[in-house]
Amino acid sequence: MTKEAFNCVFRTITLRPCDTDLEQRIKAELVSAVMPWSITLAKILNKNFAVFSWLFVILTLASLGYMLYGAYNFYYYGNCDGPTATGACILNDLTGDYGRFSSPTELIPPTEFNGITVGPEDAEITIVEFGCFTCPYTKQAESIVDSLLKQYNGSMRYVFKPFPLPNHNNSYQTALSVLCADKQGKHWELRKLVFQEQTLCSVEGSTAIEKLAVEAGLDMDKFNSCLNNQNTKNELDLYIQQGKDSHIYATPTFFIEGEPLVGPEPISDFKKIIDKKLSD
Amino acid sequence: MIKLDANKIKEDFPFFQKNQNWVYLDSACTSLKPKQVITAELDYYENVSACASRSSHSLGRKATEAQDSARARVASFINSNQKEVIFTRNTTEGLNLAINSLDFSRLGKKKIVTTVLEHHSVLLPLFNLRNKNLIDLKVLECDSEGLISLDQWNDAINSNTALIVTNSSNNTLGTSQPTGEIAKIAHDSGAFICIDGAQGVAHQKTDFKKDDYDFLCFSGHKMLGPTGIGCLVAKSDLQKSMKPLVFGGGTVKTVSLEKAEFLENYEKFEAGIQNYAGAIGFGVACDYLKKIGMENINGHEKKLAAVAIRALEEAGALIYGSKEQKQSALISFNLKNAKPHDVALMLDKFNIAVRSGFFCAQPAMEAIGAKEGAVRLSAYLYNTEEDLTKFKEILLKVNELYS
Ligand SMILES: Cc1ncc(COP(=O)(O)O)c(C=O)c1O
């Protein structure tokens with residue numbers, strides 16, 4: 001029957017009529033399958049078969065549409081569910097050039113704790129985050145980072161390593177800017193603004209970032225010279241290299257005392273790991 | 001008193017062993033075959049497998065004997081002489097041969113009378129001759145019950161009539177005609193009569209001599225025999241003047257480059273190597289039916305017809321044609337609001353085989369008011385009342401889908 005159906009589709013496409021009683025047979029097949037369950041349901045299906053078959057067609061087209069939408073999202077956001085889904089920004093072979101690992105078991109915890117750091121160096125817990133400022137999932141994880149910093153104030157050190165994904169526009173430039181803000185001790189100020197205006201940063205790049213830097217109250221001369229300084233770029237490249245060495249395949253990726261967590265997972269998952277490490 | 005145990009008969013049909021949950025109600029299209037027929041065919045291929053009436057080796061003689069014996073069994077089944085039986089592929093070929101074998105210009109008359117209740121295999125060869133202007137065709141109409149009266153025949157047949165072609169029992173309503181009396185009317189006017197016995201011979205006792213037919217055609221496959229074999233029974237003296245339809249090997253006494261001298265009787269019409277295995281199976285099928293007795297089969301069928309009609313009435317189905325005049329378990333019907341094809345497909349999903357459409361008799365179906373076709377159930381000697389109980393159970397459910 002499948003073969004006949006394809007043949008029928010082919011004939012329809014080539015503007016010839018299907019030469020079988022296929023539709024009638026499909027109807028009999030479906031109605032008779034429903035009959036043992038409920039004769040009333042079978043009756044409704046039988047009477048309104050045309051309506052149901054159109055419904056099936058629409059559903060098929062809709063799911064096809066979603067599939068294409070998913071493919072589009074995968075291409076642009078590195079994730080089939082688009083920018084607002086709970087997931088992570090996946091590095092992919094289509095647009096990424098970082099190489100690819102694809103499972104948390106392949107992740108290797110970083111051994112160096114340089115980067116944008118918050119909290120005491122001798123804290124009991126160290127959380128490292130590899131994040132991308134133009135990744136919607138990194139943005140989504142910000143509230144988690146905030147809550148954790150508040151709740152574990154004093155007993156937690158937080159290290160942010162910028163890991164700009166090449167499949168996001170202007171990700172490198174944005175990361176560089178936040179690094180430079182950190183040099184003036186104002187990384188949080190710019191970071192908040194950058195996440196707030198994430199799309200703008202992606203689309204406009206330096207123009208948007210410059211405006212945000214002013215708003216964050218940065219010394220613009222210092223800021224600009226920092227941006228052009230090869231040392232800053234070297235520093236960022238170092239973090240990217242560290243990310244690659246850790247086999248990062250998606251942002252944000254956290255390491256809580258070496259234990260990996262990919263994506264903005266529920267905060268309870270973070271707490272569970274932290275509390276366990278604290279009690280050990 | 002009917003002496004027929006359908007459950008016991010079922011045991012002879014390998015189909016039921018291999019397809020236990022099937023209810024086969026399409027025997028008017030083609031019947032199932034008993035193991036006796038299947039083994040007889042197989043036996044020819046395994047043990048004989050040679051040409052009949054040609055090769056003089058012992059295998060050839062064995063084939064000739066087997067074919068002669070088959071011809072004798074078929075002849076005996078319908079009470080004709082062995083020489084009168086011409087093997088054909090099926091009823092259709094028999095009808096074509098009979099209708100085209102007469103030389104109407106030599107007969108000096110060209111009127112042919114037939115009825116609207118005929119199968120396409122009767123109508124189309126006649127239309128072909130009419131289109132060539134070789135005949136004048138009179139087609140008798142039926143009444144709303146699907147019946148044609150003897151008066152209609154009497155009125156239509158006169159001294160200009162060359163031939164009557166009609167069925168003894170039709171495949172749309174399962175009703176029969178008094179063909180013996182029609183033959184008498186024909187002969188009184190000097191006309192020949194050709195009977196399409198595809199349904200009639202399979203379901204009622206048929207007597208070629210007593211009813212005085214000139215031609216009688218039927219198919220093996222509708223009466224437990226193999227497909228691809230049938231026959232035209234034609235009166236011996238008539239065969240002399242008949243023209244063959246196919247020319248070739250095995251039909252002549254001598255051939256020179258100027259002329260051919262044909263053999264007489266059936267040999268003249270059976271050109272080329274024949275379907276020997278089919279003929280042998282056909283002969284065995286005739287014996288099988290004869291042993292059970294056509295009266296018993298007919299009685300059993302009438303009983304089944306009554307049960308089926310009750311089931312259909314319960315479903316509120318529209319039944320075509322006269323119920324009283326039904327001579328076999330063949331019923332055409334439609335469920336209210338349902339297309340015949342849909343009903344057949346639904347029944348098929350529950351392993352019930354019935355036919356739907358026009359049954360190769362579109363003018364007949366239109367004449368009885370089934371303009372969009374109908375569903376047809378046709379039972380035979382191997383169908384039981386339990387078969388019809390299952391049919392009824394599913395039919396009522398299907399009917400509910402459309403209520
Ligand atoms: C009344 C009647 N005549 C003729 C035929 C043709 O028989 P066949 O197809 O075996 O030639 C049939 C078969 O359906 C029939 O029912």
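A salt bridge here is a side-chain nitrogen of Lys or Arg within 4 Å of a carboxyl oxygen of Asp or Glu. That is the yardstick for the first close-up, and everything shown comes from a predicted model.

**View 1. A:Lys27 meets B:Asp342 across the interface of the two chains.** The side chains of A:Lys27 and B:Asp342 sit at 3.7 Å, N to O, and because the cut-off is 4 Å, the pair counts as a salt bridge. Across the interface of chain A and chain B there are two salt bridges by this rule. Polar contacts turn up here too: six residue pairs, with both partners at pLDDT 80 or more.

**View 2. The side of chain A that touches chain B draws on α2 and α3 of chain A.** Helix α2 covers residues 22–34 and α3 covers 39–47, and these are the elements of chain A that give two or more residues to this side. The largest share, seven residues, comes from α2(A). Sorted by class, this side of chain A has five nonpolar, three polar and six charged residues.

**View 3. Chain A and chain B bury about 1300 Å² between them.** Carbon and sulfur atoms give 62% of that area. Three residues stand out on the chain A side: A:Gln24, A:Met35 and A:Ile39 supply 37% of what chain A buries against chain B, more than any other three residues. Counting residues in contact, 14 of chain A go with 13 of chain B.

**View 4. Helices α5 and α7 of chain A pack at an angle of about 145°.** Here α5(A) is residues 136–151 and α7(A) is residues 187–196, with the two axes 10 Å apart. The crossing of α5(A) past α7(A) is left-handed. From α5(A), the contact uses A:Thr138, A:Lys139, A:Glu142, A:Val145, A:Asp146 and A:Leu149, while α7(A) brings A:Trp188, A:Arg191, A:Lys192, A:Phe195 and A:Gln196. It's quite a mix by class: four nonpolar, two polar and five charged residues.

**View 5. A cis peptide bond links A:Thr251 to A:Pro252.** Omega for this bond is about -5°. As for where this happens, A:Pro252 lies in the loop between β5 (250–251) and β6 (253–256) of chain A.

**View 6. B:Ser49 takes a positive phi.** The angle is about 55°, even though B:Ser49 is not a glycine. Look for B:Ser49 in the loop of chain B between α3 (35–48) and α4 (58–77).

Conventions. Residues are numbered from 1 along each chain as its sequence is written. Chains are lettered from A and ligands numbered from 1 in the order in which they are written. This is a predicted model: local features need pLDDT of at least 70, side-chain atom pairs count only at pLDDT 80 or more; totals for chains, interfaces and linings use all residues. Side-chain values use heavy atoms; hydrogens and water are left out. Axes are lines fitted to C-alpha atoms, for helices over the stretch in contact, and angles run from 0 to 180 degrees between N-to-C directions. Helices (H or I, at least four residues) and strands (E, at least two) are DSSP runs, numbered from the N terminus. A crossing is left-handed if the near helix is turned anticlockwise from the far one by less than a right angle, and right-handed if clockwise. Contact means heavy atoms within 4.5 Å. Ala, Val, Leu, Ile, Met, Phe, Trp, Tyr, Cys and Pro count as nonpolar, Asp, Glu, Lys and Arg as charged, and the others, Gly among them, as polar. Buried area is the accessible area (1.4 Å probe) that two parts lose on being put together, summed over both. A polar contact is a pair of N or O atoms within 3.5 Å; within protein, one must be able to donate a hydrogen and the other to accept it, and residues adjacent in sequence count only if both atoms are side-chain atoms.
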